[in-house]
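Student: I should like to learn how to read strand pairing and burial in a structural model. Please take me through one case.

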Amino acid sequence: MKSFSFFVFAVGLLGVSSCVRNSAGSSVGEGGDTVTVRSDLLTLVDHDGYSVVTVRDPWDSTRVMATYLLVDRDVDEENLPQAGNAVVLRVPLEKSLVYSGVHGGAVEFLGEAERIAAVADGSYFTNPVLRKMIDGGRIADVGNSMSPSVERIVEIEPDAILTSPYQNSGHGAIESLAIPIVEMADYMESTPLGRAEWIKFIGRLYGERAKSDSIFAAVVGEYGRLRAVGRKAAEHPVVLVEQPLSGVWALPAGESYMARMIADAGGVYPWADTGGSGSIELDPAAVLARAENADVWFIRSYGPLTLGGLVSQNPLNGRFRPVESGSVYVCDTSVCPLYDEFPFRPHLLLADYVAILHPSLGMDSVRYYRRAVR
């Protein structure tokens, strides 16, 4: 991909004109208002009738992964700005293919579920509105996201495909189709609010600019309130997360938004000193060596999980103190809308963490996690 140069959001906030140019120097858009302030990977500039969105490569900060020119459908062809190497999308999208329940949930939250024509891995979508539409055939399921039905996708003719990029990996057969791919790299943000700000991108894709900006502003306020409560708590419990699968324990890296959220809740994360915003893979014995005496264990499980089941999966699990003390909390993602909600409303998950880590505060209501039974 050709390189692009762009002004970062701070320049826009100072009122200096910003632009995105391709390597040949042709202007994609000049002026405008930069509206992203928390994200590390997303630069979003609004203009009259269109927006310019730049997605940086999460694995190479010197590289731009993609630039998008989102043009209002009522803007005439002759009034379009020069796109250069940017991907041009007419918005709002009308027949999109959404690979993830994370992004599908955000679209539904914005009130635009009808603009989703198809999904991948439909069985994993838990949002009630989308679940009903998928089951009723109003939203098509193109199959496994790793090998979707290309024939079905061609038949549906989506105007864009929203999917997540992965390091050193393409998107397979869909790259050969004449359908724009929107790189949703939000999961690689280093802070919860940085990820949540991608709701602004989704809002502009689906014609809900004002609503998405308002949602984000409310999230910032509520997250800040809860963070102040968690960080000022008298106790700071040690927190273990997730569980080993097939002999590998994937944990959030120390610079990830999940590690940041644990700290914001007033917890201590044993791997806070590790680098990177993705995940780290460890042997269960290595996890035991560092976190055997953790105070609380949070697990996201697809399906119900008991303490007995946890130990039967791996006897080593029984040596962690939270199993003995009964301080294991499980979110059953097969029925719980965690993935549909928390990426763009992280205050909802932070509220669970604060309530569970600091019971003396009296925040009894939890949304996602339940104490595992024996």
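**Strand β7 and helix α2**

Tutor: Let us begin with one pair of residues: Y68 stands opposite V87 in β8. This is a predicted model, in which local features need pLDDT of at least 70 and side-chain atom pairs count only at pLDDT 80 or more, while totals for chains, interfaces and linings use all residues. Residues are numbered from 1 along each chain as its sequence is written, and side-chain values use heavy atoms, with hydrogens and water left out.

Student: How many bridges join β7 to strand β8, and do the two run parallel or antiparallel?

Tutor: Two strands pair if DSSP finds at least two bridges between them; strands (E, at least two residues) and helices (H or I, at least four) are DSSP runs, numbered from the N terminus. Here β7 and β8 (residues 87-91) run parallel and are joined by five bridges. Strand β6 (residues 50-56) is antiparallel to β7, with seven bridges, and V53 has Y68 as its bridge partner in β7.

Student: Why is β7 described as largely enclosed?

Tutor: Buried means under 20% relative accessible area, exposed over 50%, and partly exposed in between (1.4 Å probe, protein chains only). Strand β7 (residues 64-72) is largely enclosed by the rest of the structure because eight of its nine residues are buried.

Student: Which residues of α2 are buried?

Tutor: In helix α2 (residues 101-109), seven of nine residues are buried: G101, V102, H103, G104, G105, A106 and V107. At the N-terminal end, S100 acts as a cap, with a side-chain oxygen 3.0 Å from the backbone nitrogen of V102. Just after α2, G111 has a positive phi of about 85°.

Technical notes. A polar contact is a pair of N or O atoms within 3.5 Å; within protein, one must be able to donate a hydrogen and the other to accept it, and residues adjacent in sequence count only if both atoms are side-chain atoms.
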